[in-house]
Amino acid sequence: SYRSPVSLSLLRMLQDVRLVATILATIAAGCKSTEDYKKFAAAGNNFAKANNTLLNSAEDIAINTTSERILSERITQVSQPTEDIIAVLDEL
C-alpha cells in the first residue's frame, strides 16, 4: 500500500526509538537486581509506546494540514472564475 513520505519518515523514527530502547535494555542487563531490570525495561517500553503515540499524532496532523492546504487551493481555483465574471459584468 502507498505510504506518504511523512509516514515513512515517522516509521523510520519509530524504528530508531525501538533500537535505542533495545540498546538501553541491553545495557540495563547489568542492573543490580532482576527487579531493577524489570523497572528499567518497563520504563523503556512505556517510552516506546508514548513515542509511538506522538509519532501517530504528528502523522495525523501532517495529513490534516496537507488536506486543508489542498482544499484551500481548490476553493481559490473555483472562486477565481466567479470573480472574473463579476469583474466583467461590473464593467458593462
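Guide: Before we look around, one term: a residue is called buried under 20% relative accessible area, exposed over 50%, and partly exposed in between. Keep in mind, too, that this is a predicted model.

Visitor: Okay! Is Asn56 buried, exposed or partly exposed?
Guide: Asn56 sits in helix α2. Its relative accessible area is 38%. Buried needs under 20% and exposed needs over 50%, so with 38% Asn56 is partly exposed.

Visitor: How many helices and how many strands does the chain have?
Guide: One helix, α1, covers 5-27, and another, α2, covers 34-91. Put together, the count for the chain is zero strands and two helices.

Visitor: What share of the residues counts as buried?
Guide: The chain has 92 residues, and it exposes about 7,500 Å². Carbon and sulfur atoms supply 61% of that exposed area. As for the residues that count as buried, their share is 10%.

Visitor: Is Leu14 buried or exposed?
Guide: Leu14 has its place in helix α1. Its relative accessible area is 9%. The cut-off for buried is under 20%, so Leu14 is buried.

Visitor: How far apart in space are Leu14 and Asn56?
Guide: Leu14 belongs to helix α1, while Asn56 belongs to helix α2. Along the sequence they are 42 residues apart. In space, going from C-alpha to C-alpha, the distance is 9.9 Å.

Visitor: And what separates the C-alpha atoms of Asn56 and Leu11?
Guide: Along the chain, these two are 45 residues apart. Between their C-alpha atoms, the separation is 9.4 Å.

Visitor: Which helix gives the most to the lining of the largest pocket?
Guide: The pocket holds about 160 Å³ of space. Both α1 and α2 supply at least two residues of its lining. Among the lining residues are Val17, Leu24, Phe40 and Asn45. With seven residues, the helix that gives the most is α2.

Visitor: How many residues of that lining are charged?
Guide: Ten residues of the lining are nonpolar and two are polar. Gly counts as polar, and Gly44 is one of the lining residues. For charged residues, the lining has none, so to speak: no charged.

Visitor: Which helix gives the most to the nonpolar patch?
Guide: Leu19, Val20, Ile23, Leu24, Ile27 and Phe40 make up this patch on the surface. Together they have about 540 Å² of accessible area. One of them, Ile23, is in helix α1 and is partly exposed at 43% relative accessibility. Five residues of the patch come from one helix, α1.

Visitor: Which side chain meets Glu73 in a salt bridge?
Guide: Side chains of opposite charge can pair when their charged atoms come close. The structure holds one salt bridge, with 3.4 Å from N to O. The partner of Glu73 in it is Arg69.

Visitor: What separates Glu73 and Arg69 along helix α2?
Guide: Both are partly exposed: Glu73 has 40% relative accessibility, and Arg69 has 45%. They are four residues apart in helix α2, so their separation is about one helical turn.

Visitor: Last one: what separates the C-alpha atoms of Ala41 and Thr26?
Guide: Ala41 is in helix α2 and is partly exposed, at 29% relative accessibility. Thr26 is 15 residues away from Ala41 along the chain. Their C-alpha atoms are separated by 9.4 Å.

Terms used
Residues are numbered from 1 along each chain as its sequence is written. This is a predicted model: local features need pLDDT of at least 70, side-chain atom pairs count only at pLDDT 80 or more; totals for chains, interfaces and linings use all residues. Side-chain values use heavy atoms; hydrogens and water are left out. Buried means under 20% relative accessible area, exposed over 50%, partly exposed in between (1.4 Å probe, protein chains only). Accessible areas come from the Shrake-Rupley method with a 1.4 Å probe; for residues, only the protein chains shown count as cover. On a 1 Å grid over the protein atoms alone, a cavity is a set of points where a 1.4 Å probe fits but cannot get out, and a pocket is an open set with protein on both sides within 12 Å along at least five of seven lines; lining residues have an atom within 4 Å of a point. Grid points are joined across faces, edges and corners, and a volume is the space filled by probe spheres set on the points. Patches are made of residues with over 30% relative accessible area and no salt bridge: like charges are joined within 9 Å, nonpolar side chains (Val, Leu, Ile, Met, Phe, Trp, Tyr) within 5 Å. A salt bridge is a side-chain nitrogen of Lys or Arg within 4 Å of a carboxyl oxygen of Asp or Glu.
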